[in-house]
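Good morning, colleagues. Please take a moment to look at the sequence and the structure on the screen before I begin.

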Amino acid sequence: LDKEIETVRNYLCIDVGVTFIKYANADHLGKISSKDKETTPATLDGFLSVIRKIVSENIEDIDGIAICCPGKVDRKEGMIFHGGSLQYLDGLPLKTMLEAEFHLPVGVVNDGKAAALSELWLGNLRGCDNGVAIVLGTAIGGGIIANGQLLEGEHFQAGEFSFIVHNPREHAAKTLIGDRLSAVAFVETGSQKIGLVEADGQLVFDAINEGNQALVRHLEDYCYELALVILNIQAVLDFSKVVIGGGISAQPRLIQEIDKQIQKIRSDIPALEATMCKPIVLPCKFYNDANILGALYNLLSMSDTADRH
């Protein structure tokens, strides 16, 4: 990772999402030169057809293919398990398949872990030995940086925050944190509170910033539960920073409220405040480009060519 790179290397980076497959051309320093997207197909055959099309149209002058996707991913082998929101990816040896077909190095990583890697490489976890990225979306994704490295876990599932269990005896309908703290659900409920026909996150936060008390309480309740999750994760990992990602993280009020609720919980529990260091809460530096850059860093680091300087 520390060797000097004298020539520019260019890569095709692909972010596989539930709705769109986004792709970009970027160099080894993370500078993106072009971006585009395709609709995510509903079948495996359709998916592979789109991936092959994207690679074939961009194969000139690229030195590798960097991919992130939902599901459990064995980064070394490039094998996808479960597939997350795209179940048809289960058991797909994507790295081996594409390397054999296009004769280029291929990297594959989970999308939440990609977000963490982008922040470690060029974002708000840069230089941080122990940190956490939490990505708020339909559920909660993320990644853990431990001792300066991505923590994958025994089964490649470290950082799957959605599967933290809330007391099922109290709330059987929303036992998993991924359901309770869905940013999509937060916006939908907030939109209903102000009579919107269609969910609109910006309008919800406009109302919050204008002092709509029902929505202010809605945000406080949401951030209180998220603060509990962060503090519980910190008790296990002893990290210094947590970065919050997802489209909702572009709202400064969200980050401020999370930090406020963390401090409130700490103040209410003297032993916690006296013993545990308060984590720094920041937004992710990268929004729509986070997964793209993290996928690229994954490929570079796996091939030992990333330039951290």
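How many of the 12 residues of helix α3 are buried? The answer is 10, and α3 is accordingly described as mostly covered. Please keep in mind that this is a predicted model. The buried residues of α3 are Gly112, Lys113, Ala114, Ala115, Ala116, Leu117, Ser118, Glu119, Leu120 and Trp121. The list thus includes Lys113 and Glu119, which count as charged. As for the length of α3, which covers residues 111-122, a rise of 1.5 Å a residue predicts a span of 16 Å, and the end C-alpha atoms lie 17 Å apart, so the two values agree.

I turn now to helix packing. Two packed helices are described by the angle between their axes and the distance between the axes.

Consider helix α5, residues 183-193, and helix α7, residues 213-237. Their axes come within 10 Å and cross at roughly 165°. Angles over 145 degrees count as roughly antiparallel, and α5 and α7 are therefore roughly antiparallel to each other. Their crossing is right-handed. On the α5 side, the contact is made by Ala183, Phe186, Thr189, Gly190 and Lys193; on the α7 side, by Ala214, Leu215, His218, Leu219 and Tyr222. By class, this contact comprises six nonpolar, three polar and one charged residues.

Helix α7 also meets helix α8, residues 252-268. Here the axes come within 8 Å and cross at roughly 60°, which makes α7 oblique to α8. The crossing of α7 and α8 is again right-handed. From α7, the residues in contact include Val216, Leu219, Tyr222, Leu226 and Ile230. Their partners in α8 include Leu254, Ile258, Ile262 and Ile265. By class, the contact of α7 with α8 holds 14 nonpolar, one polar and five charged residues. Leu219 and Tyr222 of α7 appear in the contact with α5 and also in the contact with α8.

I close with two backbone details. Which residues that are not glycine have a positive phi? One is Phe156, with a phi of about 65°. Phe156 sits in the loop between β10 and α4, and its relative accessibility of 24% means that Phe156 counts as partly exposed. Another is Asp238, with a phi of about 55°. Asp238 lies in the loop between α7 and β11, and at 57% relative accessibility Asp238 counts as exposed.

Thank you for your attention.

Definitions and conventions:
Residues are numbered from 1 along each chain as its sequence is written. This is a predicted model: local features need pLDDT of at least 70, side-chain atom pairs count only at pLDDT 80 or more; totals for chains, interfaces and linings use all residues. Side-chain values use heavy atoms; hydrogens and water are left out. Axes are lines fitted to C-alpha atoms, for helices over the stretch in contact, and angles run from 0 to 180 degrees between N-to-C directions. Helices (H or I, at least four residues) and strands (E, at least two) are DSSP runs, numbered from the N terminus. Angles under 35 degrees count as roughly parallel, over 145 as roughly antiparallel, 65 to 115 as roughly perpendicular and the rest as oblique. A crossing is left-handed if the near helix is turned anticlockwise from the far one by less than a right angle, and right-handed if clockwise. Contact means heavy atoms within 4.5 Å. The expected span of a helix is 1.5 Å times one less than its number of residues. Buried means under 20% relative accessible area, exposed over 50%, partly exposed in between (1.4 Å probe, protein chains only).
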